[in-house]
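User: I am new to this structure and would like to learn what the labels on it rest on. Could you walk me through it?

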Amino acid sequence: MTIFISYAHADESWVHSRLIPVLDAAGGKVLVDKERFKPGRKLIDEMNGTQGMASRHLLVLTKAFHKSDYCKHELKRAIEDDPDFKDGKVLPVKRDDAPMPAKLKGRAILGDSTLYVDLQDDSDADQWSKLIENAGRRLVLSGTDAPTWLTALDRAQTHLERGESVNLVVKNQDVNWRRWLDQLIETRFEDIAAVDLEDPRTVPRDGLIGEILKATGRSNADVPLPPNDLPLLADAFEHGDRCHLALKHFDSVMHRDHYGVDFFGSMRWLVMEKRKLVLLVHSD
C-alpha cells in the first residue's frame, strides 16, 4: 500500500520519528516530500507528481496544517481522488485540538461514524491499530504494537547516544526485528556499523575481526591467524573516535568455541576499559 503523507513542516519531527517508522514497520510504502521531491523542479509539480502515485492520502491535522497553503492544496487533491469518501483513500490523523477542516466535517471517512484517527496521545495502541487497519488490508504490525515499537527505538537510541551498549533479545519471532534494526541505523543512529554473524565470513575468528574492522572503517588489511589477530584489533581502535557497532545474531557464538575467551576479553577491554566500542548486540 502506497501512502502519501501531507503535513506541515512544523510537524516534521513527529512525522519522521513516529509516524513513518510505524507505517514502514507495518509494510506500507511511504511517500513524503523530504524523500521524493527533486531539486530544480517546480515545487507544486513535485507535490502533485508524488501525491499522484499514492493509493492513500494521510493528512496530519494540526494548527500548522490549517495555516499551510501547500497542505490545503494536498487536502483538495486527496478529496478529488475520493470525492464521495467511499474508497477509504483519505486518512485524517488528528494531532492537536485544531478543528477538522471544513471539507472533512461531517464525513464518515474511516467507517460508519468515525471521522479520524486520534493520535493527540500517540501512546494509544488502539488508535495506531485503527490507522494501520484503515491504511490498507495488507498492512500488519506483526508481533507487537506501535507504542512498544517506538519505545524500543527511543530507548535504544538514548542508550547508544550515552555511549551505553544495548543487548537486544528478540523473544517473539513474529516481530520484524530486522526492520526495527534497519530503522534504528537508517533514521535514528546513522553512525552505527553492522556485522551479521550469520555471514559465513564471520565463522573463523580472524574473519569476524576482519569484518568488524571493515564495517567500522578501521582497516581492510588481511587479519593474521590467532593469536596475532588480537593485537591488530586493539591497535585499530587505539586511536580515533569511539565506534558504534551492531552485532547481529550474536547467539551464533554459542556454537563457535574457537572464538576463545581471549577474543571476548579483548572485546570487553575495548568496550569497558578503553571505551572505544559501543555495542548493539542482537540475539534470538
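**How the labels are earned**

Analyst: Happy to! In the protein chain, residues 24 or more positions apart account for 68% of the contacts with a separation of 6 or more. Please keep in mind that this is a predicted model. The protein chain has 11 helices and nine strands, and 49% of its 284 residues count as buried.

User: Why is His249 called buried?

Analyst: Buried means under 20% relative accessible area. His249 has a relative accessible area of 3%, so the label buried applies. His249 is found in the loop between strand 8 (243–248) and helix 11 (260–273), and its phi is positive, about 55°, although it is not a glycine.

User: And why is Arg275 called partly exposed?

Analyst: Partly exposed covers the range between the buried limit of 20% and the exposed limit of 50%. Arg275 has 43% relative accessibility, so it counts as partly exposed. Arg275 also has a positive phi of about 55° without being a glycine, and its place is in the loop between helix 11 and strand 9 (277–283).

User: What makes Lys89 and Asp81 a salt bridge?

Analyst: The test is a side-chain nitrogen of Lys or Arg within 4 Å of a carboxyl oxygen of Asp or Glu. For Lys89 and Asp81 the closest N and O atoms are 3.6 Å apart, so the pair passes. Lys89 is partly exposed at 22% relative accessibility, and Asp81 is partly exposed at 31%.

User: Why does Asp82 have no salt bridge?

Analyst: The nearest side chain of opposite charge is that of Lys89, 6.6 Å away. The limit is 4 Å, so Asp82 and Lys89 do not qualify. Asp82 is nevertheless buried, in the loop between helix 5 (69–81) and strand 4 (90–94).

User: How do you know that Asp82 is in contact with Lys89?

Analyst: Contact has its own test, heavy atoms within 4.5 Å. Leaving aside neighbours within four places in sequence, Asp82 is in contact with Asp87, Gly88, Lys89 and Val90. Contact counts heavy atoms, whereas a salt bridge needs a side-chain nitrogen and a carboxyl oxygen, so Asp82 can be in contact with Lys89 and still have no salt bridge.

User: What makes Asp229 and Arg205 a link between parts of the chain?

Analyst: Their side chains meet in a salt bridge at 2.9 Å, N to O. Asp229 lies in helix 10 and Arg205 in helix 9, so the pair ties together parts that are 24 residues apart in sequence. Asp229 counts as buried at 0% relative accessibility, and Arg205 counts as buried at 4%.

User: How do you know that Arg178 and Glu198 form a salt bridge?

Analyst: Their closest N and O atoms are 3.9 Å apart, and the limit is 4 Å, so the pair qualifies. Arg178 is in helix 8 (residues 177–188), while Glu198 is in the loop between strand 7 (192–196) and helix 9. Arg178 is partly exposed at 42%, and Glu198 is partly exposed at 48%.

User: What makes the contact of helix 1 with helix 6?

Analyst: Helix 1 contributes Trp14, Arg18, Leu19, Val22 and Leu23, and helix 6 contributes Trp128, Leu131 and Ile132. By class, that gives seven nonpolar, no polar and one charged residues. Arg counts as charged, so Arg18 is the charged one here. Arg18 is also linked with Asp122, Asp154 and Arg188 in a network of salt bridges.

How values were computed:
Residues are numbered from 1 along each chain as its sequence is written. This is a predicted model: local features need pLDDT of at least 70, side-chain atom pairs count only at pLDDT 80 or more; totals for chains, interfaces and linings use all residues. Side-chain values use heavy atoms; hydrogens and water are left out. Helices (H or I, at least four residues) and strands (E, at least two) are DSSP runs, numbered from the N terminus. Buried means under 20% relative accessible area, exposed over 50%, partly exposed in between (1.4 Å probe, protein chains only). Lys and Arg count as positive and Asp and Glu as negative; His and the chain ends are not counted.
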